[in-house]
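Please examine the sequence and the structure shown below before reading on. The paragraphs that follow lead from a single strand residue to the aromatic rings, a pocket and the backbone.

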Amino acid sequence: MAALQAERARRLLRVKLELADYLARDGKGTYDLADCEIKSNWIRHHGARTKHSSFLDSLHPKDMERLVETYYRQVHERKTVLFATVIDKRKLYPNTTHDTLHRKAYEFLLERIEHYMREYHSRHRALIVMDDTSKQLNRSVTLQHAQFQRRGNPNMQFPHIVEYPFFTRSELSNGVQLADLLAYNVYRAFKDECLDYKYFKLMLPNIYRRQQANALDGLKVWPDTSPLVALASKAWSSLSR
């Protein structure tokens with residue numbers, strides 16, 4: 001099983017290197033793996049792609065589609081378990097800060113991960129890996145994480161989560177890049193209040209559910225007064241049929 005997982009991870013690397021080799025032979029530039037980063041915004045918007053990723057901008061559309069599909073195959077082939085938090089800004093107080101939003105989203109994700117670990121992997125611990133975006137945000141998240149480790153929150157303790165989160169540059173982590181793609185899918189489905197978005201439907205079966213599930217336990221909508229709560233329930237109904 002470990003060998004199979006490693007082979008699936010190498011498949012993504014091979015596709016990136018193969019495409020980089022094609023571009024080099026066509027005289028369109030020389031790229032290493034760090035240059036082959038993929039982000040949802042760059043895939044969807046030509047202007048962002050031109051500004052931030054010469055690699056993606058140089059790819060033929062079919063090659064870019066192949067690369068994206070390789071990422072999504074990782075989710076299904078590895079039976080990846082997904083967690084997501086949706087925060088409806090329309091239902092928040094006007095003075096709610098971005099830092100508060102980020103901290104609440106992080107707390108809700110930790111709760112879902114702890115539930116999952118208790119039920120399915122009670123003898124193991126989860127390591128949180130995050131995009132290294134800024135020292136200020138890293139510090140804020142680490143302090144919050146440490147507080148949860150010491151005291152828990154009003155709902156639970158977190159014994160199945162490693163003491164501190166690990167931060168890595170997104171260009172060096174295919175996992176962080178995949179998380180970016182998946183996060184946009186959730187955003188898109190709930191922003192448009194439409195569950196038929198193709199890529200959200202692809203990831204929907206992988207969202208965490210308890211063994212005796214009657215909801216998508218890995219998908220948290222906050223606050224509870226948001227009409228998007230009903231949309232999450234609808235997503236569960238569509239999956240359970």
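Two residues are said to be in contact when heavy atoms of theirs lie within 4.5 Å. The model examined here is a predicted one. A suitable point of entry is Lys220, a residue of strand S4, which covers residues 219–222. When neighbours within four places in sequence are left aside, the contacts of Lys220 are Ala84, Thr85, Val86, Phe108 and Arg112. Is Lys220 buried or exposed? Its relative accessibility is 17%, and because buried means under 20%, Lys220 counts as buried.

The end of this strand leads to an unusual piece of backbone. From Trp222 to Pro223 the peptide bond is cis, with omega near 0°. Pro223 belongs to the loop between S4 and helix H10 (228–240). The ring of Trp222 also has a charged partner: Lys104 lies over its face, at 5.4 Å from the ring centre.

The aromatic residues come next. A pair of aromatic rings is described by the distance of the centres and the angle of the planes. The model contains 13 aromatic pairs. One of them joins Tyr120 and Tyr208 edge-to-face, with 6.3 Å from centre to centre and 80° between the planes. Tyr120 is part of helix H6 (residues 98–120), whereas Tyr208 is in the loop between helix H9 (198–203) and S4, so this pair ties together parts that are 88 residues apart in sequence. The two partners can also be described by their accessibility: Tyr120 is partly exposed at 34% relative accessibility, while Tyr208, with a relative accessible area of 2%, is buried.

Tyr197 and Tyr199 make up another edge-to-face pair, in which the centres are 6.0 Å apart and the planes stand at 65°. Tyr197 is buried, its relative accessible area being 16%, and Tyr199 counts as partly exposed at 23%. Both belong to a cluster that ring pairs form from Tyr72, Tyr184, Tyr187, Tyr197 and Tyr199. A charge is placed at this cluster as well, for the charged end of Arg44 sits over the ring of Tyr184, 3.6 Å from its centre.

Some of these residues reappear around a pocket. Rolling a probe the size of a water molecule over the atoms shows where empty space is left. The second largest pocket has a volume of about 240 Å³. Its lining consists of 13 residues, and those nearest its centre are Ile43, Arg44, Val68, Tyr72 and Tyr199. Helix H2 (40–44), helix H5 (61–77) and helix H8 (174–191) each supply at least two residues of this lining. Which helix gives the most to the lining? It is H5, with 5 residues.

Two loops that adjoin these helices hold residues with a positive phi. Lys79, in the loop between H5 and strand S1 (84–87), has a phi near 50°, a positive value in a residue other than glycine. Lys79 is exposed, at 67% relative accessibility. Glu193, in the loop between H8 and H9, likewise is not a glycine and has a positive phi of about 50°. Glu193 counts as partly exposed, with a relative accessible area of 43%.

The cysteines complete the account. How many disulfides are counted in the model? The count is 0. Cys36 is buried, at 0% relative accessibility, whereas Cys194 is partly exposed, at 33%.

Conventions: Residues numbered from 1 in each chain as written. Predicted model: local features only at pLDDT ≥ 70, side-chain atom pairs only at ≥ 80, totals over all residues. Heavy atoms only, no water. Helix = DSSP H or I, 4+ residues; strand = E, 2+ residues; numbered from the N terminus. Buried < 20%, exposed > 50% of the residue type's maximum accessible area, 1.4 Å probe, protein only. Disulfide = S-S within 2.5 Å. Phe/Tyr/Trp six-rings, centres within 6.5 Å; stacked < 30°, edge-to-face > 60°. Lys NZ or Arg CZ within 6 Å of the ring centre and 35° of its normal. 1 Å grid on protein atoms, 1.4 Å probe; cavity = no way out; pocket = protein on both sides within 12 Å on 5 of 7 lines; lining within 4 Å. Points joined across faces, edges and corners; volume = space filled by probe spheres on them.
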